[in-house]
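Please open the structure in your viewer and set it to a cartoon display, with the option of showing side chains when a stop on the tour calls for them. Take each selection in turn, and look before reading on.

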Amino acid sequence: MDFQKKAVIITGAASGIGLLSAQKFAELGASVTLTDINVDAVTAAADEIRKIGGRALGVQVDVRQYDQVKHAVEVTESEFGSVDILINCAGGASSRVFGRSEGFHELDIEVIDWGIDVNLKGPVYFCHAALAPMIRQGSGVIVNFSSVTGIAGDGWGAIDYSTAKSGLIGLTKSLALYGAPHGVRAVCIAPGPVLTREAMANMKTPLGRAAETQEVVDFVLYLASEKGAFITGSTHLIDGGFCCGGWK
């Protein structure tokens, strides 16, 4: 897979899947814009890529703020000459982020709003901003990150999270139809437990483990490359059989 002369924007790129994706795209020749709300971490991550000869920008972005989203897209096109690939990694379960364990109906509405804004509106904002340069150049790939909860649902406190992640599946289908006449593809990944946090190791699957981060990133690279050129509109589970019935 070769990403020479490709410009990639990755959200949530200061850690986890987003960070490893940025590093691997850069290794394969891409120019990478890393975005994250944590300015120190995302700047340091971009610096590390540049130190080993890669091309990278670190941009602070709160995905809930469209002006910041649009700025990141504009800076990418200005600096690297195009916007070829968008990876929407940023997200998180509001109940975990805010340390809340109540049932859904007991959560403050501000917690629910945060979950919807970060996990659904943020990707919508980035897709909206990135489509303009992609359509102008007649090519592009968007990879959205859903979750197994977007397919199977969540019956406890993470209802806003599963709702947003379900929305990304529909967003991807619509973007695939909208972008096809312009050479723009959209695909969606729905991971199960991934070893980006220690707690994930305790979430079992039929294969008996959580995914390694590299296993997810390898599939991101495939979908974004010419090897995945006929894949659009679809959602792909990387869950070790988590969504299969009858195994627990």
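The tour goes from the sheet to the helices and ends with two single residues.

**The sheet as a whole**

Keep in mind throughout that this is a predicted model. Begin by selecting the strands, seven of which form an open sheet in the order β3-β2-β1-β4-β5-β6-β7, with parallel pairing. Strands of a sheet pair through backbone hydrogen bonds, either parallel or antiparallel. If you follow the order to its ends, you arrive at the edge strands β3 (55-60) and β7 (235-238), each of which pairs on one side only. Looking along the sheet, you can follow a twist that averages 15° from one strand to the next.

**Strand β1 and its two partners**

Now select β1, residues 7-11, which pairs with strand β4 (residues 85-88) in the parallel sense over three bridges. To find one of these positions, show Ile 10, whose bridge partner in β4 is Ile 87. Turning to β2, you will find that five bridges join this strand to β1 and that the two run parallel; here the partner of Ala 7 is Ser 31 of β2.

Is β1 enclosed or open to the outside? Five of the five residues of β1 are buried, so the strand is largely enclosed by the rest of the structure. In a regular strand the side chains alternate between the two faces of the sheet. In β1, the buried residues on one side are Ala 7, Ile 9 and Thr 11, while those on the other are Val 8 and Ile 10, so that both faces are covered.

**Strand β5**

Next select β5, residues 140-145, which is joined to β4 by four bridges, the two strands running parallel. A useful position to show is Leu 86, which stands opposite Ile 142 in β5. β5 also pairs in the parallel sense with strand β6 (residues 184-191), over six bridges, and there Gly 140 stands opposite Val 184 of β6.

β5 is mostly covered, with six of its six residues buried. Colour Gly 140, Ile 142 and Asn 144 for one side and Val 141, Val 143 and Phe 145 for the other, and you will have marked two covered faces.

**Helices on the sheet**

Add helix α1 (residues 16-27), which packs on the sheet and touches β1, β2 (31-36), β4 and β5, its direction making about 170° with that of β1. Then add α3, which lies across β1, β2 and β3 and runs at about 160° to β3.

**Helix α5 between two contacts**

Keep α3 (residues 66-80) on display and select helix α5 (residues 109-137): these two helices pack at an angle of about 30°, with their axes 8 Å apart. They are therefore roughly parallel to each other, and their crossing is right-handed. If you show side chains here, the residues making the contact include Tyr 66, Val 69 and Val 73 of α3, and Tyr 125, Phe 126 and Pro 133 of α5. Sorted by class, this contact has nine nonpolar, one polar and three charged residues.

Now bring in helix α7 (residues 159-179), which packs with α5 at an angle of about 15°, the axes being 9 Å apart. That makes α5 roughly parallel to α7, and α5 passes α7 in a right-handed crossing. Among the residues that meet here are Ile 112, Leu 120 and Leu 131 in α5, and Ala 164, Leu 168 and Leu 175 in α7. The residues of this contact divide into 15 nonpolar, three polar and two charged.

**Two single residues**

Select Ser 225, which lies in the loop between α8 (213-224) and β7. Is Ser 225 buried or exposed? With a relative accessible area of 4%, Ser 225 is buried, since buried means under 20%. Leaving aside neighbours within four places in sequence, Ser 225 is in contact with Met 1, Phe 3 and Arg 185.

Finish at Lys 5, in the segment before β1. At 80% relative accessibility, Lys 5 counts as exposed. Most residues other than glycine have a negative phi. The phi of Lys 5, however, is near 65°, a positive value in a residue other than glycine.

Notes: Residues are numbered from 1 along each chain as its sequence is written. This is a predicted model: local features need pLDDT of at least 70, side-chain atom pairs count only at pLDDT 80 or more; totals for chains, interfaces and linings use all residues. Side-chain values use heavy atoms; hydrogens and water are left out. Axes are lines fitted to C-alpha atoms, for helices over the stretch in contact, and angles run from 0 to 180 degrees between N-to-C directions. Angles under 35 degrees count as roughly parallel, over 145 as roughly antiparallel, 65 to 115 as roughly perpendicular and the rest as oblique. A crossing is left-handed if the near helix is turned anticlockwise from the far one by less than a right angle, and right-handed if clockwise. Contact means heavy atoms within 4.5 Å. Ala, Val, Leu, Ile, Met, Phe, Trp, Tyr, Cys and Pro count as nonpolar, Asp, Glu, Lys and Arg as charged, and the others, Gly among them, as polar. Two strands pair if DSSP finds at least two bridges between them. Buried means under 20% relative accessible area, exposed over 50%, partly exposed in between (1.4 Å probe, protein chains only).
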